[in-house]
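Me: Please take a close look at a single helix of this model, covering its geometry, its packing and the pockets beside it.

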Amino acid sequence: MTWHDWIANPFDVTPNGAESFADFSNRVLTTVATLMPMFNQTANMLLVAHLGTLRVMHQAWVPGTVFWNLDFKAGHYSTYQIQGGKGLLQALNR
């Protein structure tokens with residue numbers, strides 16, 4: 001496996017010693033699922049995360065989202081309304 005292989009196909013190729021994309025996505029979505037009861041009980045909650053985490057969450061909540069096309073801008077925030085275990089997009093990059 002080479003760097004080029006991973007760059008060309010990052011969803012299916014995993015560098016030695018690294019976490020696979022599938023494992024990363026599962027870890028993010030499992031953690032979000034454990035937070036859902038807290039999201040449902042709180043009027044507002046701020047979640048700060050890196051771009052990959054935000055993309056995985058958004059892609060799970062907004063069908064048809066293309067991972068690489070989703071751009072969360074630094075210094076901005078996005079809002080979601082939590083309903084039925086899903087985040088409904090209210091605003092992106094405000």
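Reply: In this predicted model, the buried residues of helix α2 are F24, S25, V28, V32, M36 and F39. These buried residues pack against three elements, namely α3 (51-61), β1 (79-83) and β2 (86-91).

The geometry of the helix can be checked against its length. Helix α2 comprises 21 residues (residues 21-41), and at 1.5 Å a residue it should therefore span 30 Å; its end C-alpha atoms lie 31 Å apart, in agreement with that expectation. The helix has a kink of about 45 degrees at L35, and the proline P37 follows shortly after this kink.

Helix α2 also takes part in the lining of the largest pocket, which encloses about 780 Å³ of space. Along with α3 and β1, α2 is one of the elements that give two or more residues to this lining. In total, 26 residues line the largest pocket, and those nearest its centre are M45, L47, S78, T79 and Y80. By class, this lining consists of 16 nonpolar, nine polar and one charged residues.

The second largest pocket has a volume of about 190 Å³. Its lining is formed by 13 residues, of which W6, P10, E19, F21 and F24 are the closest to its centre. F24 is thus named twice here: among the buried residues of α2 and among the residues closest to the centre of the second largest pocket. The lining of the second largest pocket divides into 10 nonpolar, two polar and one charged residues.

Methods: Residues numbered from 1 in each chain as written. Predicted model: local features only at pLDDT ≥ 70, side-chain atom pairs only at ≥ 80, totals over all residues. Heavy atoms only, no water. Helix = DSSP H or I, 4+ residues; strand = E, 2+ residues; numbered from the N terminus. Expected span 1.5 Å × (residues − 1). Bend = angle between axes of the 7 residues up to and from the residue. Buried < 20%, exposed > 50% of the residue type's maximum accessible area, 1.4 Å probe, protein only. Contact = heavy atoms within 4.5 Å. 1 Å grid on protein atoms, 1.4 Å probe; cavity = no way out; pocket = protein on both sides within 12 Å on 5 of 7 lines; lining within 4 Å. Points joined across faces, edges and corners; volume = space filled by probe spheres on them. Nonpolar A, V, L, I, M, F, W, Y, C, P; charged D, E, K, R; others polar.
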